[in-house]
Amino acid sequence: KKWISGRLGGLKTRTPSEDVVQVFGHSGNFLGSIQLAGLRRSSRGKVRQPFVYLHLKVDTVTYHWVLSRQSEEGRVLWWSDSQLEDAWDADFQEILRQAVKSCYEHNLVPQIEDGWKMIVENGRKPNLPFTVGLCTATMNRLWQLKNALPLTLVHAYPFKDSCRVHVVDMGSTDGTLEWLLRYCRWAIEIGLLRVYRAEEKAWHACIGKNTAHIQAQEDILVNVDGDNLIGAGFLEDVCKRFQDGCAVAQYELGGGTCGRIALKREVFIEIGGYDEDAFPMGAQDTDLVLRVKMLGKGHHKKVKEPSLSQAILNSQEQKIENCVLQDGIQKWSQMNAKNSAIFNERRSKGEIIRNQGQGWIGVPVKQWMFGSDGELKTIDRREKNIRVQKP
């Protein structure tokens, strides 16, 4: 079996006998063994009697740990002196393999080689010149998210000290939150991924995107729709654009990538985020870009690089399947036309700042995380919302 260790990187285990498991490094070097004497499991796979001991020697360091009773088949926790020492995860590799397979099936390129090497070697690249927050809002799109997010996490991992991925489940009923907490737990625990949940009954693109963006505290915020693949060189490219004086960068090339927009957090707050006073879908991304350009604080760059602009496509019917339809509108194209007209009129009046009449942008969320004891907990993040001030 293959594992990701928070402390040791990539590991492999083999079972030569009933009571011994051998442990190897990612390159195949023998590290030590696990003694299984006294192991008992419940019907759900949880360890009931944690009399399982690990003895490893890595370089000049020796580890003696005991297995936690919170461990499961795809998730192993090691303790020493009442302190959590390490967590081994096998679940993430399962979904990563599925995501890579799906990527090729859609004629896309996963580009995970460099990122995966960093993960198994427990390495990292030098910090980015800016901190970067990748912001995703989703509702009932697990079929896309599970094929895109694992790749994003691999691409972001080499810069985990200066990049964070923020995913907001806006109220899905398709198991999105449960999937995130099980299969992406490794990324949550190392601080690379933050997961939030709102309790909305329907999808509104501007509300969802604002909710994700206001939770991110990084210098540069990037909207990454749940169907987008950022690519291995994306984060470095974004930072280079802003070092060159860019105010807003849009990585649009082909279907599904219009919303891949990067801008400074301070600018996002200044213009009031995405305009929530509109129909649920359509034209919101173009409007955001044009309002940033109207500020005159830097140039706009539309990046047309195939390796940085990939997406798992959906139909126009799927775009609005979770929206509340109104005013006789039944198609995405109709919503898009309506919103285009609304936003054009507002920009013609010089209305750069939006959402001024409602105070808060986005909606309250709870952040889901794992404590130092491995237990799941939530934190109310309402206080992190940004109040849009009237001029």
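**Exercise 1. Determine how many residues of helix α6 are buried in this predicted model, and what covers them.**

Solution.
Step 1. Set the cut-off: a residue counts as buried under 20% relative accessible area.
Step 2. Apply it along α6. Eleven of its eleven residues are buried, so the helix is mostly covered. Among them are Ala-205, Lys-209, Asn-210, His-213 and Gln-215.
Step 3. Look for the cover. It includes the strands β9, β10, β11 and β12. It also includes the helices α8 (265–270) and α9 (284–295).
Step 4. Place the helix on the strands. α6 spans residues 205–215 and lies across β9, β10, β11 (193–197) and β12 (220–223). Its direction makes about 150 degrees with β9.

**Exercise 2. Take Ala-212 and find out which residues it touches.**

Solution.
Step 1. Locate the residue. Ala-212 is found in helix α6.
Step 2. Check its exposure. The relative accessible area of Ala-212 is 1%, so the residue is buried.
Step 3. List the contacts, leaving out residues up to four places away in sequence. Ala-212 touches Cys-135, Thr-136, Ala-137, His-166 and Val-168.
Step 4. Assign these partners to strands. Strand β9 covers residues 132–138 and strand β10 covers residues 163–169. Cys-135, Thr-136 and Ala-137 therefore fall in β9, and His-166 and Val-168 in β10.
Step 5. Compare sequence with space. Ala-212 and Thr-136 are 76 residues apart in sequence. Their C-alpha atoms are 6.1 Å apart.

**Exercise 3. Work out the strand order of the open sheet and identify its edges.**

Solution.
Step 1. Recall how a sheet is held. Strands pair through backbone hydrogen bonds, either parallel or antiparallel.
Step 2. Read off the order. Nine strands run β16-β14-β15-β12-β9-β10-β11-β18-β19, with mixed pairing.
Step 3. Find the edges. β16 (299–302) and β19 (376–380) each have a single partner strand, so one side of each has no neighbour in the sheet.
Step 4. Add the twist. From one strand to the next it averages 25 degrees.
Step 5. Zoom in on one pair. β9 and β10 pair in the parallel sense over seven bridges. One of the partnerships joins Val-132 to Cys-163 in β10.

**Exercise 4. Decide whether Cys-184 and Cys-206 are bonded or free of disulfides.**

Solution.
Step 1. Count the disulfides. The structure holds zero.
Step 2. Test Cys-184. The closest cysteine sulfur, in Cys-163, is 14 Å away, which is too far for a bond, so Cys-184 is free.
Step 3. Test Cys-206. Its nearest cysteine sulfur belongs to Cys-323 and is 11 Å away; Cys-206 is in no disulfide.
Step 4. Check exposure. Cys-184 is buried at 0% relative accessibility. Cys-206 is buried too, at 2%.

**Exercise 5. Judge how compact the whole chain is for its length.**

Solution.
Step 1. Take stock of the elements. The chain has eleven helices and 19 strands.
Step 2. Compare the radius of gyration with the rule. The value is 23 Å, close to the 21 Å given by the globule rule for 391 residues, so the chain is as compact as a globular protein of that length.
Step 3. Note the extents. The C-alpha trace spans about 75 × 40 × 40 Å along its principal axes.
Step 4. Check burial and surface. Of the 391 residues, 55% count as buried. The accessible surface is about 17,500 Å², with 47% belonging to carbon and sulfur atoms.
Step 5. Check contact range. Among contacts with a separation of 6 or more, 68% join residues 24 or more positions apart.

Key
Residues are numbered from 1 along each chain as its sequence is written. This is a predicted model: local features need pLDDT of at least 70, side-chain atom pairs count only at pLDDT 80 or more; totals for chains, interfaces and linings use all residues. Side-chain values use heavy atoms; hydrogens and water are left out. Two strands pair if DSSP finds at least two bridges between them. Helices (H or I, at least four residues) and strands (E, at least two) are DSSP runs, numbered from the N terminus. Axes are lines fitted to C-alpha atoms, for helices over the stretch in contact, and angles run from 0 to 180 degrees between N-to-C directions. Contact means heavy atoms within 4.5 Å. The radius of gyration is taken over C-alpha atoms; the globule rule is 2.2 Å times the number of residues to the power 0.38. Buried means under 20% relative accessible area, exposed over 50%, partly exposed in between (1.4 Å probe, protein chains only). Accessible areas come from the Shrake-Rupley method with a 1.4 Å probe; for residues, only the protein chains shown count as cover. A disulfide is a pair of cysteine sulfur atoms within 2.5 Å.
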